[in-house]
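These exercises concern how protein residues lie against DNA strands. Work through each task before reading its solution.

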2 protein chains.
Amino acid sequence: MSTSRPSPARTSRGPRPASIARVPGIDYDVLDTLLGYALRRAQIAAFDQFYRATAGYGITPPRFTALVILGANPGVSQTALAAVLGIARSGAMQLTDWLVGRKLAERRARADDGRAWGLYLTRRGAALAAELKRRVRAQDARLGARLTAAERRALLRLLDRVAE
Amino acid sequence: MSTSRPSPARTSRGPRPASIARVPGIDYDVLDTLLGYALRRAQIAAFDQFYRATAGYGITPPRFTALVILGANPGVSQTALAAVLGIARSGAMQLTDWLVGRKLAERRARADDGRAWGLYLTRRGAALAAELKRRVRAQDARLGARLTAAERRALLRLLDRVAE
DNA sequence: GGAGATTGTAATGCTATACAACAATCATCG
DNA sequence: CGATGATTGTTGTATAGCATTACAATCTCC
């Protein structure tokens, strides 16, 4: 991989993703023209919405993503999950442990590959996933409340291009 | 805090696997329609660019931001810096320690307030800030390489609205 | 002058990762 | 078939970036 990077700022967990308010009297210099900085601020707002939507469930973005992915792709391996999340396999394992520990997912042996597990949502996990999807979707809509439908679509498309 | 080490990373920061590739054969379900998820992926790409731009300097996004802010606002307090970064005061202190330890910034007593420090870039810090701004700006442009100037502007504006 | 707020700090802890090393298993190919 | 190498999950270790709490020094305001 590429170079190293320390660690992302607060991507995942976080008690209170304090939103970043513009501090009056401060000159932001070049920051105001950087796509990266604008992205960071927008994402902080997004985290904020996310935590609001999932408060009380102990859910983090990666956990939510995992629930959705398991729901839509029954039987995925931990390695595939790691790839989707963009994290190391060991991380995917801990994440899976967490889900399994709460009886939201389970590991089933696979006939075709003795090394890998197949990951599945439990009934409880599926129910939670559905509930969270509802909440997150609603909150996500609120995130883009200041945008028209067309603007929202445009934003999604632009972001996709940036993410390549 | 050792010095920097090149290690790729993710999120906000840059941490993690440099980029989240779309995994073939995986159904992303609702994720594809969420603004929050699109933001996350775009930001991961942004982090990647950032780390590429600052490789070898041990710089992270918050550190870069601090350098820029100190440069444009000589004499700011640590509390103000914390507010700009959206982190706790204790975190701003550690960040400042790091900068001071590398002789990039210095704390000067303030005549008007005996409790607070005034933070300033050293000559070295100013030089580094200038160099990094150049690099980050260039890399940020690359981030939006797939966008026309108008699209880039539109994206910045939309992100700003989302961030509120 | 005193109550209360603010600033920087120290100490502690948690969380999310990463990385390296391993055993079990699979795949490939001679 | 058998050996070599890759892949999967796992464990163990390390780190970085915060947050929280508690404090002393200092400022503000009545």
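**Exercise 1.** Find which element gives the most to the surface near DNA strand C in this predicted model, and describe that surface by residue class.

Solution.
- Step 1. The largest contribution is that of α4(B), with three residues.
- Step 2. Sort the residues by class: seven are nonpolar, nine polar and eight charged.
- Step 3. Of the 24 residues around DNA strand C, those that come nearest are A:A88, A:S90, A:G114, B:T79 and B:R115.

**Exercise 2.** Which parts of DNA strand C do A:G114, B:R107 and B:R89 contact?

Solution.
- Step 1. For A:G114, a backbone N or O atom lies 2.4 Å from a phosphate oxygen of the strand.
- Step 2. For B:R89, a polar side-chain atom is 3.0 Å from a base nitrogen of DNA strand C.
- Step 3. For B:R107, a polar side-chain atom is 2.9 Å from a phosphate oxygen of DNA strand C.
- Step 4. Of the strand C atoms within 4 Å of the protein, 72% belong to sugar or phosphate, and the rest to bases.

**Exercise 3.** Describe the surroundings of DNA strand D, starting from its closest residues.

Solution.
- Step 1. The strand is surrounded by 25 residues, and A:T79, A:R115, A:W117, B:A88 and B:G114 are the closest.
- Step 2. α4(A) gives the most to this surface, with three residues.
- Step 3. Phosphate oxygens of DNA strand D lie 2.9 Å from a polar side-chain atom of A:Q78, 2.9 Å from a side-chain N or O atom of A:R107 and 2.5 Å from a polar backbone atom of B:A88.
- Step 4. By class, the surface near DNA strand D has eight nonpolar, ten polar and seven charged residues.

Technical notes
Residues numbered from 1 in each chain as written. Chains lettered and ligands numbered in written order. Predicted model: local features only at pLDDT ≥ 70, side-chain atom pairs only at ≥ 80, totals over all residues. Heavy atoms only, no water. Near = heavy atom within 4 Å. Polar contact = N/O pair within 3.5 Å; in protein donor to acceptor, adjacent residues only side chain to side chain. Helix = DSSP H or I, 4+ residues; strand = E, 2+ residues; numbered from the N terminus. Nonpolar A, V, L, I, M, F, W, Y, C, P; charged D, E, K, R; others polar.
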